[in-house]
Amino acid sequence: MNQIKIGAFIAEQRKKHNLTQAALGEKLGITDRAVSKWERGKGMPDASLMLGLCEVLEITVNELLCGEKIEMENNNEKTEALLLELAKSVEEKNKIIWKNMWLIMSVSMIAMLAGLFAVAFFVPEGVWQLVAIIGICVFFLIPCFYALKLEVSVGYYKCKNCGGEVIPTYRQALMAMHRGTTRYLQCPKCGKRSWCKKVIKK
């Protein structure tokens, strides 16, 4: 989606309705700065505000996301193009999240191993060494829990038995046995537990 084009379209429709940024913001329960941000192409309206915005500006959601008025004969074609663009955008975001997840995991594990190695050589054996080891493990495992949250937030897990989609809660993924990003989960479709492989796109 072209945020600059969408922003210019919002500004154009707002002016057609003789609304200031403050007036439009007041109708939507937001600040004029938020409206200004949209119109400058620096951000997009939240999904929760889109219907209200479209109602005030007397446009469709499809027109808002395309950044232009759409004639009825071109509506289906524009809708298909928009859906493809949205799917591509989601896929790209998922890939970025996936790469960040692996980066966080890798850096955390390397840093934890380096810390444990340093403690083993430079801290005398005894209570303080044990405290240092526990502290390092806790400190560097926290990012791993965040990485798991990123893993769960993208795509789905594929059931080995029926091929169904399994989308666990964070707690279910955390408690499940795992091998890398393959987790032992219960499929809601067939009801069986199996090693479900992570899939980030269809």
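Select Leu185 and Ser194 to begin: Ser194, in strand S5, is the bridge partner of Leu185. Keep in mind as you click around that this is a predicted model.

Now widen the selection to the two strands around that pair. Strand S4 covers residues 182-186 and strand S5 covers residues 193-199, and the two pair in the antiparallel sense over four bridges. Follow the chain from one to the other and you trace a hairpin with six residues between the strands. Stop at Gly191 in the turn and check its backbone torsions: phi is positive there, about 80°.

Next, go to the other partner of S4. Strand S3 pairs with S4 in the antiparallel sense, over two bridges. For a residue-level view, pick Arg179 and Thr182, since Thr182 in S4 is the bridge partner of Arg179. These strands also form a hairpin, with two residues between them. Select Gly180 here, which takes a positive phi near 65°.

Then move to strand S1, residues 156-158, and its neighbour S2, which pair in the antiparallel sense over two bridges. Highlight Tyr157 together with Val166, its bridge partner in S2.

With those pieces coloured, show the whole sheet. Its five strands run in the order S2-S1-S5-S4-S3, the sheet is open, and the pairing is antiparallel. Which strands sit at the edges? They are S2 (165-166) and S3 (178-179), each pairing on one side only. If you switch on hydrogen bonds, remember that strands of a sheet pair through backbone hydrogen bonds.

Time to zoom out and colour by secondary structure. The protein has eight helices and five strands, and along the sequence they follow the pattern α-α-α-α-α-α-α-β-β-α-β-β-β. The radius of gyration is 24 Å, well over the 17 Å that the globule rule gives for 202 residues, so the protein is more spread out than a compact globule. Align the view to the principal axes, and the C-alpha atoms fill a box of roughly 75 × 45 × 25 Å.

Now try a burial colouring: buried residues make up 33% of the 202 residues. A contact map is a good companion, as residues 24 or more positions apart account for 55% of the contacts with a separation of 6 or more.

Finish on the surface. The protein exposes about 13300 Å², with carbon and sulfur atoms supplying 61% of it. For a last selection, colour the charged side chains: 28 are positive and 19 are negative, and the centres of the two sets lie 11 Å apart.

Conventions:
Residues are numbered from 1 along each chain as its sequence is written. This is a predicted model: local features need pLDDT of at least 70, side-chain atom pairs count only at pLDDT 80 or more; totals for chains, interfaces and linings use all residues. Side-chain values use heavy atoms; hydrogens and water are left out. The radius of gyration is taken over C-alpha atoms; the globule rule is 2.2 Å times the number of residues to the power 0.38. Buried means under 20% relative accessible area, exposed over 50%, partly exposed in between (1.4 Å probe, protein chains only). Contact means heavy atoms within 4.5 Å. Accessible areas come from the Shrake-Rupley method with a 1.4 Å probe; for residues, only the protein chains shown count as cover. Lys and Arg count as positive and Asp and Glu as negative; His and the chain ends are not counted. The place of a charge is taken as NZ of Lys, CZ of Arg, CG of Asp or CD of Glu. Two strands pair if DSSP finds at least two bridges between them.
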